[in-house]
Amino acid sequence: MVTPFRLIWFTSFGARHWDALDYTHYDWRRPEIYRDMARLLEKRGGFDAIVFADGPSVATIDGDFGPFVKYGLDGVYNDPVPLLAALSWHTERIGLVGTLSTSTYPPFLLARLFATLDHMSSGRAGWNLVTSEGGPNFGAATHMSKQERYDRADEYLDLVERLWDSWEPGAVLLDRASGRFADPSKVHETNFEGRYFRSRGPMTLPRSPQGHPVIMQAGGSDRGRQFAARHAEIIISHRNSPEAMKDFREDLRARMRTMGRDPDTCKIFFTVRPFIGDTLAEAKAMRTNALSSPTINLEVGLAALSARTGRDYRNDPLDEPLRTEAVDEAASAGILEQHTERGETLREAAMSEAMKETFVVEGDPRQVAERFAEVMDYVGGDGLAIRETMMPSTVLPITDRVAPVLREMGLVRDRYAHETFRENLLDPAFAAASRTVAAGGVR
Amino acid sequence: MSGKRMHIAWFSGHGVGPGQSTWSDDRLPASLRWDRPDAYVEMTRVMDRSGVDFLVFADTLGIPDLYRGSIDPYLEYAIAMPKMDPAILAPILAATTSSIGIVPTLTTTFYPPYLLARLLATLDHVTGGRIGWNIVTGGIERGAQNFGLAAMPAHDSRYDMADEYVELCEKLWASWEPGAVIEDPVTGVFADPGKVHTVDHAGEHYACRGPLNVVPSPQGRPFLVQAGSSPRGIEFAGRHADAVITNKNTIEDMRAFRERIRASAVAAGREPDAVKVFFIVSPVLAESPDALQVEHSAGAPARLQMGLAQLSAAFGTDLSLLPLDEPITGHGFDRNTIMEQFVSDGGEVPTLRQVAERMGSWVSMPFEGSADEIADRMEYVFDEVGGDGFAIRGHWIPDYVNDICTHVVGTLVRRGRIARPDPALTLRRRMGACSGVTPATRSGNSAGLG
């Protein structure tokens, strides 16, 4: 096993797991728990980034938000942006990625927000670009097609990149002797006139340390994959098996080559949900325990599945294979695929949704580390995304028990060689093993 | 101790950015980079300890181009720019302080209301109830063009939109009733859906279903600050604001303005004390030499250009078209607050050159002297006007902030005129507690303003 890989943590600034014991002395609404966990992931885990998923609205089924509010589920989220800013002060090297939608943020606002965050964090801002609509909370009465959302996103990204580039490197003079702050000849108007957006520019602040935030994307559909292959520097995907991961990665890398892009400029991460015990039996018991929590139930699962697919599953037969007709294509790409691939019944699919389960890895710390390594070796890279609430009982087993084993194997990051998120992410010699290999050593 | 408690705010006119007078000031150590949080953190910590109630960051979402129709003079000398996003700095400042309120400026014309309501509710959680919102409705044309608008909506119609905007935000902040969140781990019930409501707002300018997806925050709604002094602005402040910041030169003007704000609150069905009025002052400590005399290392020609660019932005017109050495009269600027200052100072109408050359070091209400003298003067003005406090607008450099907070604010704290900071209070409660207004009167009451 010689394929080194990166780790990121994929979570949300939300209510999920509000009933965990960790929250008897932490408050999920406040920054402290994320601050403490982010420091662990950086200092002891060597993680490349923390990614906060987000949605601006409480999920609904046919306009009913009852089940989501009742259990504190999908959509009960604080805005991740203020949290990212707070975490930038408490950490030094880890990447900080927020999910923001091209359908809800005016482009100039988003461009300035990320430029500011990138300055304040000394070059550690990342943008998980989603195209999801704001819907009735943003005054929209109708839906856009998936095609249109991505067409808009293409134009949106083109515009914000021009805004980020509106100050050339070196435009800032800060010359106290002459009183000159900037060289106006190196600052350019954007004068963007697109189909969907217009903006005059330039940006109200100089170019940030990374220039652009690291762009992350999770496109699952064909159109989404095209978009990700063109623009993303991190792609995150939920797949059920190493085979499906490998297929996905090879498909994306082939698309990049076709576009003339070096596929190594993009790192592809697969989500995993680890259960780590002192023994395999204990890890399995942990999963069973999690399933018996009063917040993980069929009502929750049916609500989550219905909201994510845009089809009301609440009156379907529970113990028959999942039905796929009458699903809102725009809302559900890739989601049903995960369940039908495994031939799940509605009950099984619903419980998996209730758990927000993804590729499960269970065992003692060494077994989990070895399974991570084995999967990554088979897939070919580039990293794993731990999909889990960020709290001591989930973070510490990874940072203090699994990561040391992986470090000992030379497979994960043992230092941050650079200051910015992008430089660390794209550094080919980020792990001890890769440095040895690069140096021609034998393992 | 005698008399009513005085409130103190700090107004950072540059917003999150250095401005000409900061980055070029020799008292700002070159190692303290303006584009990193450290200097802001350091200064805010000093304010936090001393008893400053809240810190306001101004903002503009475009680079002005009024002077010579070009952004170049503004870029060249850092006039009214650069501007970073104050909502990003706010949580960093909250993480490093314990009691001061943080008040970013956010513009109603540019933020979708749901996005702004959610951002502020989150900031209220993240700051532990210390967030405020300086409500701005407009800005320069360049800002509008950055957002793809042909031009800013007209002044009064912006306020009509802002009335509806703030009402919608208040509905969203109240969309979860107090007590809606149960968090009972035994039953697994997080919240009572019966106590969470859509807002179903369908107004003239905005539509929104709700509810907010953020649970109720410590203050319920943020502390609302406003700075408009036009008749329409005063009407708006009477309806919505918890504090108004203004620039007045005389005790008579201050008193009259405060009475108008209070009358406007009463007309909107609120207590007159529900809106606190803050007057901008720029104290100059005699112990700190030339604290406000900006020593531009740039020569006189550059200083004149800077002044003209600054004034053009303030007046909204290109002053390169006017003669430099004639009195500025008959152009309609006479009613501008800045001109009032210069005219009332000398009696005679100054020339454009005179005003422009003084712009770099211009301050309103310069209270000069020793700390005791300045404190005496502030107490005197405060007692004559009847309330409610001062907003300090001075140099945004650690040396100046430390001098004023230690000596001037410290003296007023020692005299019992300014309350000692109490980390247990939310900003709303801190501001209400000092005037006897029941802090909870308006929380959770989304529509009860009329």
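Me: What share of the contacts in chain A with a separation of 6 or more joins residues 24 or more positions apart?
Reply: The share is 72%. A contact here needs heavy atoms within 4.5 Å. Keep in mind that this is a predicted model.

Me: What makes chain A as compact as a globular protein of its length?
Reply: Start with the parts: chain A has 16 helices and 13 strands. Its radius of gyration is 22 Å, and the globule rule also gives 22 Å for 443 residues, so chain A counts as compact for that length. The C-alpha atoms fill a box of roughly 75 × 60 × 50 Å along the principal axes.

Me: How much of chain A counts as buried, and what does the chain expose?
Reply: Of the 443 residues, 62% count as buried. The cut-off for that is under 20% relative accessible area. Chain A exposes about 15,700 Å². Carbon and sulfur atoms supply 49% of that area.

Me: How far apart are the mean positions of the positive and negative charges of chain A?
Reply: They are 4 Å apart. The count is 54 positive and 64 negative charges.

Me: Why is helix H12 of chain A called largely enclosed?
Reply: H12(A) spans residues 346-355, and seven of its ten residues are buried, so the rest of the structure largely encloses it. Each of those seven has to fall under 20% relative accessible area. They are Leu346(A), Ala349(A), Ala350(A), Ser352(A), Glu353(A), Ala354(A) and Met355(A).

Me: What covers the buried residues of H12(A), and which residue just after it takes a positive phi?
Reply: The cover includes strand E11 (267-276), helix H8 (280-291), helix H9 (298-309) and helix H11 (335-341) of chain A. Just after H12(A) comes Lys356(A), with a positive phi of about 50°.

Me: How do you know that Ala80(B) is partly exposed?
Reply: Its relative accessibility is 31%. Partly exposed runs between the 20% and 50% cut-offs, so 31% falls inside the class. Ala80(B) lies in the loop between helix H3 (72-77) and helix H4 (86-95) of chain B. Its phi is near 55°, a positive value in a residue other than glycine.

Me: What makes Glu183(B) partly exposed, and where is it found?
Reply: Its relative accessible area is 26%. That is not under 20% and not over 50%, so Glu183(B) is partly exposed. The residue is found in strand E5 (residues 181-184) of chain B. Its phi is positive, near 50°.

Me: How do you know that the bond from Gly201(A) to Pro202(A) is cis?
Reply: Look at omega, which is about -5°. Pro202(A) sits in the loop between strand E8 (198-199) and strand E9 (214-217) of chain A.

Me: What is omega for the cis bond from Gly210(B) to Pro211(B), and where does Pro211(B) lie?
Reply: Omega is near 0°. Pro211(B) lies in the loop between strand E8 (207-208) and strand E9 (223-226) of chain B.

Me: How many residues does each chain bring to the contact, and how much area is buried?
Reply: Chain B brings 86 residues and chain A brings 75. Together they bury about 6,700 Å², with 64% of it on carbon and sulfur atoms. On the chain B side, Trp23(B), Ile88(B) and Arg209(B) lose the most area to chain A. Together they make up 11% of what that side buries.

Definitions and conventions
Residues are numbered from 1 along each chain as its sequence is written. Chains are lettered from A and ligands numbered from 1 in the order in which they are written. This is a predicted model: local features need pLDDT of at least 70, side-chain atom pairs count only at pLDDT 80 or more; totals for chains, interfaces and linings use all residues. Side-chain values use heavy atoms; hydrogens and water are left out. Helices (H or I, at least four residues) and strands (E, at least two) are DSSP runs, numbered from the N terminus. The radius of gyration is taken over C-alpha atoms; the globule rule is 2.2 Å times the number of residues to the power 0.38. Buried means under 20% relative accessible area, exposed over 50%, partly exposed in between (1.4 Å probe, protein chains only). Accessible areas come from the Shrake-Rupley method with a 1.4 Å probe; for residues, only the protein chains shown count as cover. Lys and Arg count as positive and Asp and Glu as negative; His and the chain ends are not counted. The place of a charge is taken as NZ of Lys, CZ of Arg, CG of Asp or CD of Glu. Buried area is the accessible area (1.4 Å probe) that two parts lose on being put together, summed over both.
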